[in-house]
Amino acid sequence: MPTITAFESSPDRGRGQARDMRVRWALEEVGQPYDVRLLSFVAMKQPAHRSLHPFGQIPTYEDGDLTLFESGAIVLYIAERHDGLLAKDANARARAIAWMFAALSTVEPPIVELTMAMLFERDRSWYAERLPSLQERVRIRLGELSRRLGKADWLDGAFGADDLMMVTVLRRLNTSGLLDEFPEIAAYVARGEARPAFRRAFEAQLAVFTAASRS
């Protein structure tokens, strides 16, 4: 049974935005049981964990003599070894992997920059001046994605690892109001969140935060 690492007390306050959510969701989609090792922020920076993740972050994935870090790499590994997240057709698989890279390399960076500013820079003198430009960068990406998605349910046929990664990236905008400007994207995210495997992963991550809050 694989073991993943996650925050002992998540900074997202149980909203399912920590990156172990992506791995939990993938494992739930393919029906693979897993264990979770919870880490404090101090433990994440210690040599024991850095031997698994050189940057001292989560998640990591351990299965036998294999250790992986980076959520995208872990989800791709799971998808390649279980049915249900990647098409069997070689071209369709290649397109899905391209969308996974797009989610992490093209769509996520401006979203992270915006959300980090909203969380940590509100008291800076230049915040109000900088915010519109950050929002506009995200709007550009959402507009491009919305035009590509159109009225389709998923990015390229059936739901897969590409949609899993893209939905988890877009969920970072849930409290920003920007998704409301793009109904197709908002509906796309809602479809992902409605999947039973997502709900199981979300509840599992939320339970960790709830337990930590009570201790």
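Tutor: Let's start with a definition: two residues are in contact when they have heavy atoms within 4.5 Å. Keep in mind too that this is a predicted model.

Student: Happy to. With that in hand, which helices do the buried residues of α7 pack against?

Tutor: The buried residues of α7 pack against α1, α4 (71-81), α5 (90-120), α6 (127-149) and α8 (183-193).

Student: How many of the residues of α7 are buried?

Tutor: The cut-off you need is that buried means under 20% relative accessible area. By that test 10 of the 10 residues of α7 are buried, so the helix is largely enclosed by the rest of the structure. Among them are Ala-161, Asp-162, Asp-163 and Leu-170.

Student: How do I read the packing of α1 and α7?

Tutor: Two packed helices are described by the angle between their axes and the distance between the axes. In this model, helix α1 (residues 20-30) and helix α7 (residues 161-170) pack at about 145 degrees, and their axes are 10 Å apart. The crossing of α1 and α7 is right-handed.

Student: Which residues make that contact?

Tutor: From α1 come Arg-22, Trp-25, Ala-26 and Glu-29, while α7 supplies Leu-164, Met-165, Val-167, Thr-168 and Val-169. Sorted by character, the residues of this contact are 6 nonpolar, 1 polar and 2 charged.

Student: Is there a general idea that helps me look at residue spacing in a helix?

Tutor: Yes: an α-helix has 3.6 residues a turn, so residues three or four places apart point the same way. With that idea in mind, look again at Arg-22, Trp-25, Ala-26 and Glu-29 on the α1 side of the contact.

Student: How should I read charged side chains?

Tutor: Side chains of opposite charge can pair when their charged atoms come close. This structure holds 21 salt bridges. In one of them, the side chains of Arg-22 and Glu-108 meet at 2.5 Å, N to O. Arg-22 lies in helix α1 and Glu-108 in helix α5, so this pair ties together parts that are 86 residues apart in sequence.

Student: Are Arg-22 and Glu-108 buried or exposed?

Tutor: Both Arg-22 and Glu-108 are buried. They also belong to a network of salt bridges that links Arg-19, Arg-22, Glu-108 and Arg-172.

Student: What does a salt bridge between α5 and α6 look like?

Tutor: Take Glu-113 and Arg-130, whose closest N and O atoms are 2.8 Å apart. Glu-113 lies in helix α5 and Arg-130 in helix α6, so the pair ties together parts that are 17 residues apart in sequence. Glu-113 counts as partly exposed, at 31% relative accessibility, and Arg-130 is also partly exposed, at 26%.

Student: How far apart are the N and O atoms of Arg-124 and Asp-123?

Tutor: In that salt bridge the distance is 3.9 Å, N to O. Here a cut-off matters: a salt bridge needs a side-chain nitrogen of Lys or Arg within 4 Å of a carboxyl oxygen of Asp or Glu. Asp-123 is exposed, with a relative accessible area of 66%, and Arg-124 is partly exposed at 43%.

Student: Which side chain of opposite charge is nearest to Asp-162?

Tutor: That is Arg-95, 7.8 Å away, and Asp-162 is buried yet has no salt bridge. Asp-162 sits in helix α7. Leaving out residues up to four places away in sequence, Asp-162 touches Ala-96, Trp-99, Met-100, Leu-155, Asp-156 and Tyr-188.

Student: And how do I read the backbone angles?

Tutor: Most residues other than glycine have a negative phi, and most peptide bonds are trans. Here, a cis peptide bond joins Ile-58 and Pro-59, with omega about 5 degrees. Glu-70 has a positive phi, near 80 degrees, and is a residue other than glycine.

Student: Where do Pro-59 and Glu-70 lie?

Tutor: Pro-59 is in the loop between α3 (47-50) and β3 (60-63), and Glu-70 is in the loop between β4 (66-69) and α4. At 2% relative accessibility Pro-59 counts as buried, whereas Glu-70 is partly exposed at 39%.

Student: Which residues does Pro-59 touch?

Tutor: Not counting residues up to four places away in sequence, Pro-59 touches several residues, including Arg-19, Asp-20, Val-23, Phe-69 and Glu-70. So you can view both backbone features together, with Glu-70 among the contacts of Pro-59.

Notes:
Residues are numbered from 1 along each chain as its sequence is written. This is a predicted model: local features need pLDDT of at least 70, side-chain atom pairs count only at pLDDT 80 or more; totals for chains, interfaces and linings use all residues. Side-chain values use heavy atoms; hydrogens and water are left out. Axes are lines fitted to C-alpha atoms, for helices over the stretch in contact, and angles run from 0 to 180 degrees between N-to-C directions. Helices (H or I, at least four residues) and strands (E, at least two) are DSSP runs, numbered from the N terminus. A crossing is left-handed if the near helix is turned anticlockwise from the far one by less than a right angle, and right-handed if clockwise. Ala, Val, Leu, Ile, Met, Phe, Trp, Tyr, Cys and Pro count as nonpolar, Asp, Glu, Lys and Arg as charged, and the others, Gly among them, as polar. Buried means under 20% relative accessible area, exposed over 50%, partly exposed in between (1.4 Å probe, protein chains only). Lys and Arg count as positive and Asp and Glu as negative; His and the chain ends are not counted.
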